[in-house]
Amino acid sequence: MTTPATGFFTDTSVCIGCKACEVACKQWNQLPADGDFFSGRSYDNTIHLEATTWRHVAFIERQQRLSGQSTSRPFSWLLMSDVCKHCERAGCLEACPTGAIVRTEFDTVYVQPDVCNGCGYCVVCCPFGVINRREDDGRAWKCTLCYDRQKEGIEPACAKTCPTDSITFGKLDDLKEIALARLQELHRRGVTEAWLYGMGGRDQPGTEGLHAFFLLLDRPEAYNLPPDPYVPTKGVAGAWGVMALAAAGMAAAALAAAHGRGGDRK
Amino acid sequence: MSPELALQIGEGAAQQVKRPEPDAGGIVPLWRQVPSQHRTDQNYYGLALIKEPVWIWSVPAYFYVGGVAGGSAMLAAALHGKKRLRRLAAWCRLLAFAGTTVGPALLTYDLGKMSRFLNMLRVLRPSSPMSVGSWSLAGTGMMATLSLLQGDRSGVVTRYGTALGGLLVAGYTGVLLGNTANPLWRERRLLLPMLFMSSAAASTAGVLQMMPLDKREEKVVQRFGMVGKAGEAACMVAMQRSDAAVPEVGAAAREGKGGVLWTAAKAALVSGILVELLPVRSPLKRKVSGALTTIGAICLRFALLEAGKTAAREPQTTINLQRSRMRR
């Protein structure tokens, strides 16, 4: 029996920025606190996804109305709970030289902490800047999509705690239906800027789709998401080809240097 | 209250984290006016979009050492069987052995969990240049040890095995850097393997030039080195030209520590070539040229890492590069 792929659909239009997901994630996964730090950037003091922060709420204050919004002043809040995207083709997984990063039976991307040796290659290969190496611990860490909870048949901590159901957990196929329905609903209500980020391979060929996808109300870069993420390994063949050519060049140079005039004949 | 109840046993438990606070910029003196910033580019408070490479100094150091090992492994194979160049071939074999021994040590030093370095050889994953590189480094190390022990009497398998492995070790690092999400490295991904390969030849010659050589050996080393240096210079020019097409990438390559190191690498390489071309014959000239080439090659590798860090810090580099790719 194969387990269906699971994932997150994060509907940013109903996120209220309560950060309950951040706290629930930290508590369930027993992640250390990041210390007292005031960023001065809206209400966001977590700044970004980190080895110890597997959910992160972004706060965007804009001096502009959303379409369909009828407040007197031009102002809108954009809030988004960010998480590891568990890409269909994952840059970290394909780059991992130890096999520490695996795909689980739920089709999520999981770092095995007892195998990771902290080479740091996944850090530079993630097009979303999610995974990172901890300084104290030396290993790479990221969201596990609550693998331990899923094993027991319960939903991840962040989705469980989300008071507005901005974070929806479920089977990927169901999530896509929910997402499309929600998108149509918003468009019908006049919020025409709503769109789905990374729902499938057609929308995002660079990653062939995300297992944690988003409904956004602005361009991805406003939320610190890359507009066209690209899993690096997809285009590596060309580089290997060039390397082979260069290697032939070096071999020719060595032979020419050794056998040329002034050198020695056998 | 029982402290036992508060014991954390979960996956991320029992770890202290020091997270560096993002740089808020220096303190602005009171007398200086700071203009309000009007940004037309859109990003999230200018915060980094992708993560900086976590690698420390030992990784670019390894890039250099691995290059020397690879170049000498190839040269040793080419010199095999030449009676009057036996000493040079022996030097090359020694360098290949030393490089493939010191290299893994440097790489292991960078690992977060040094005790787990053998995990590199747990799987072979063709999609990961780092995995391919680990295997070829381990294999070449063995081969280089064998050919060092056997010396002139080494067989065909050892000789060509070392040479082939050496070529992989010299070049895979370029593929490794290009195969990342870092905008600067990714933009240069087709030039990096060529740069690393030619620079490996140049740095091999650079080290050999600093050794006592006779006339015949000098000539061989010089020829090998000149091809490498010319290739290195050409790749560097090509990189600068391709960087110019995307202003943000070019800026990341020029700014900060990376830019200084890049300039130093250029200066050292060019002066190394110029010294080489002087119409004088003296061991001192050769040694100076070798030293300059070595300095250039080392600076180049550190420049690439530092420029990669700079490029990762500025979100607009990633965003604009992807936006321009989407328009194409």
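**Two chains, loop by helix**

Me: Where is A:Glu208 found?
Reply: A:Glu208 is found in the loop between β9 (195-197) and β10 (212-216) of chain A, and it helps to keep in mind that this is a predicted model.

Me: What sign does its phi have, I mean for A:Glu208?
Reply: A:Glu208 has a positive phi of about 60°, although A:Glu208 is not a glycine. For background, most residues other than glycine have a negative phi.

Me: And why does A:Glu208 count as partly exposed?
Reply: A:Glu208 counts as partly exposed because its relative accessibility is 34%, and the class of partly exposed residues lies between the buried limit of 20% and the exposed limit of 50%.

Me: What about B:Tyr45, what is its phi?
Reply: B:Tyr45 is not a glycine either, and it takes a positive phi of about 50°. B:Tyr45 sits in the segment before α1 (58-79) of chain B, and with a relative accessible area of 32% it is partly exposed.

Me: Which residue just after α1(A) takes a positive phi?
Reply: That is A:Gln30, which follows directly after α1(A) and has a positive phi of about 55°.

Me: Since we're at that helix, which residues of α1 in chain A are buried?
Reply: In helix α1 (residues 20-29) of chain A, the buried residues are A:Cys21, A:Glu22, A:Ala24, A:Cys25, A:Lys26 and A:Asn29. As a general point, an α-helix has 3.6 residues a turn, so residues three or four places apart point the same way.

Me: What covers those buried residues of α1(A)?
Reply: The cover includes β2, β3 (76-83), α5 (157-161) and β8 (167-171), which all belong to chain A.

Me: β2 again... what does A:Arg55 touch?
Reply: A:Arg55 lies in strand β2 of chain A, and, leaving aside residues up to four places away in sequence, its contacts include A:Cys21, A:Glu22 and A:Cys25. Those three are among the buried residues of helix α1 of chain A. A:Arg55 also touches A:Ser81, A:Asp82 and A:Val83, among others.

Me: How far away is the nearest side chain of opposite charge?
Reply: For A:Arg55 that side chain is A:Asp82, at 6.4 Å, and A:Arg55 is buried yet has no salt bridge. The distance fits this, because a salt bridge needs the nitrogen and oxygen atoms within 4 Å. A polar atom of the side chain of A:Arg55 does lie 3.0 Å from the backbone oxygen of A:Ser81.

Me: Switching chains, why does B:Arg301 count as buried?
Reply: B:Arg301 counts as buried because its relative accessibility is 2%, and buried means under 20%. B:Arg301 is placed in helix α10 (residues 283-313) of chain B, where it touches B:Pro60, B:Phe63 and B:Tyr64, among others. The C-alpha atoms of B:Arg301 and B:Phe63 are 6.7 Å apart in space, while the two residues are 238 residues apart in sequence.

Me: How many residues do chain A and chain B bring into contact?
Reply: 100 residues of chain A are in contact with 85 residues of chain B, and the two chains bury about 7,800 Å² between them, 57% of it on carbon and sulfur atoms.

Me: How many salt bridges does the rule find across this interface?
Reply: The rule finds 3 salt bridges between chain A and chain B. A:Arg133 forms a salt bridge with B:Asp110, with the closest N and O atoms 3.8 Å apart.

Me: Which elements of chain A give two or more residues to that side?
Reply: On the side of chain A that touches chain B, they are β2 (55-62), α2 (91-95), α3 (121-125), β6 (132-133) and α7 (236-259). Helix α7(A) gives the most, with 17 residues. The residues of this side divide into 54 nonpolar, 25 polar and 21 charged.

Technical notes. Residues numbered from 1 in each chain as written. Chains lettered and ligands numbered in written order. Predicted model: local features only at pLDDT ≥ 70, side-chain atom pairs only at ≥ 80, totals over all residues. Heavy atoms only, no water. Contact = heavy atoms within 4.5 Å. Buried area = accessible area lost by both parts, 1.4 Å probe. Helix = DSSP H or I, 4+ residues; strand = E, 2+ residues; numbered from the N terminus. Nonpolar A, V, L, I, M, F, W, Y, C, P; charged D, E, K, R; others polar. Buried < 20%, exposed > 50% of the residue type's maximum accessible area, 1.4 Å probe, protein only. Lys, Arg positive; Asp, Glu negative; His and termini not counted. Polar contact = N/O pair within 3.5 Å; in protein donor to acceptor, adjacent residues only side chain to side chain.
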